[in-house]
Amino acid sequence: MYYNALTQKHYEGKNIEILKATGLTGGFMTFNQAVKLGYKIPKGTKAIAKLNKPHWRLVETANGKLEEKLSASKFSVFHSSQLIEEGA
């Protein structure tokens with residue numbers, strides 16, 4: 001229902017809730033993925049959502065020990081309906 005148009009992997013977790021709120025289903029992709037797939041993004045088009053990519057990072061605690069903490073990077077995605085195929 002909600003998947004990455006380049007990798008064909010389905011989104012998981014909180015990202016599904018974010019995408020559900022857009023009212024759109026189907027393929028979503030980042031700007032670079034859209035270019036790689038041969039799409040143009042019309043000037044002024046805004047990303048439809050900002051998703052989270054979770055990852056672990058090492059942080060130093062007050063006593064000098066290293067500890068793993070879950071963090072997230074945000075990335076913007078466009079829906080395939082916002083894009084124009086190159087040459088169209």
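So, surface first: the accessible area of this protein comes to about 6400 Å², and carbon and sulfur atoms account for 53% of that. Keep in mind that this is a predicted model.

Now the charges. There are 13 positive side chains against 7 negative ones, and if you take the centres of the two sets, they sit 6 Å apart.

Okay, overall dimensions. The C-alpha trace spans about 60 × 25 × 25 Å along its principal axes. The radius of gyration is 16 Å, where a compact globule of 88 residues would come out near 12 Å.

What does the secondary structure look like? We've got 2 helices and 6 strands, and going along the sequence they run β-α-β-α-β-β-β-β. On contacts: take the ones between residues at least 6 apart in sequence, and 59% of those join residues at least 24 apart.

Right, on to the inside. Of the 88 residues, 26% are buried. In soluble globular proteins, nonpolar side chains tend to be buried together. Which residues make up the largest nonpolar core here? That one has 7 residues: Tyr2, Tyr11, Leu19, Phe28, Ala49, Leu51 and Val77. There's also a second, separate core of 6 residues, with Ala5, Met29, Ala34 and Leu83 among them.

If you want one residue to click on, try Val77. Leaving out anything up to four places away in sequence, Val77 touches Tyr11, Leu19, Phe28, Ala49 and Leu51, and also Met29, Thr30, Ala47 and Ile48. Met29, from that list, belongs to the second core, while Val77 itself is in the largest one.

How values were computed:
Residues numbered from 1 in each chain as written. Predicted model: local features only at pLDDT ≥ 70, side-chain atom pairs only at ≥ 80, totals over all residues. Heavy atoms only, no water. Core = buried A, V, L, I, M, F, W, Y, C linked by side-chain atoms within 4.5 Å. Buried < 20%, exposed > 50% of the residue type's maximum accessible area, 1.4 Å probe, protein only. Contact = heavy atoms within 4.5 Å. Helix = DSSP H or I, 4+ residues; strand = E, 2+ residues; numbered from the N terminus. Rg over C-alpha atoms; globule rule 2.2 N^0.38 Å. Areas by Shrake-Rupley, 256 points an atom, 1.4 Å probe, with all protein chains shown as cover. Lys, Arg positive; Asp, Glu negative; His and termini not counted. Charge placed at Lys NZ, Arg CZ, Asp CG, Glu CD.
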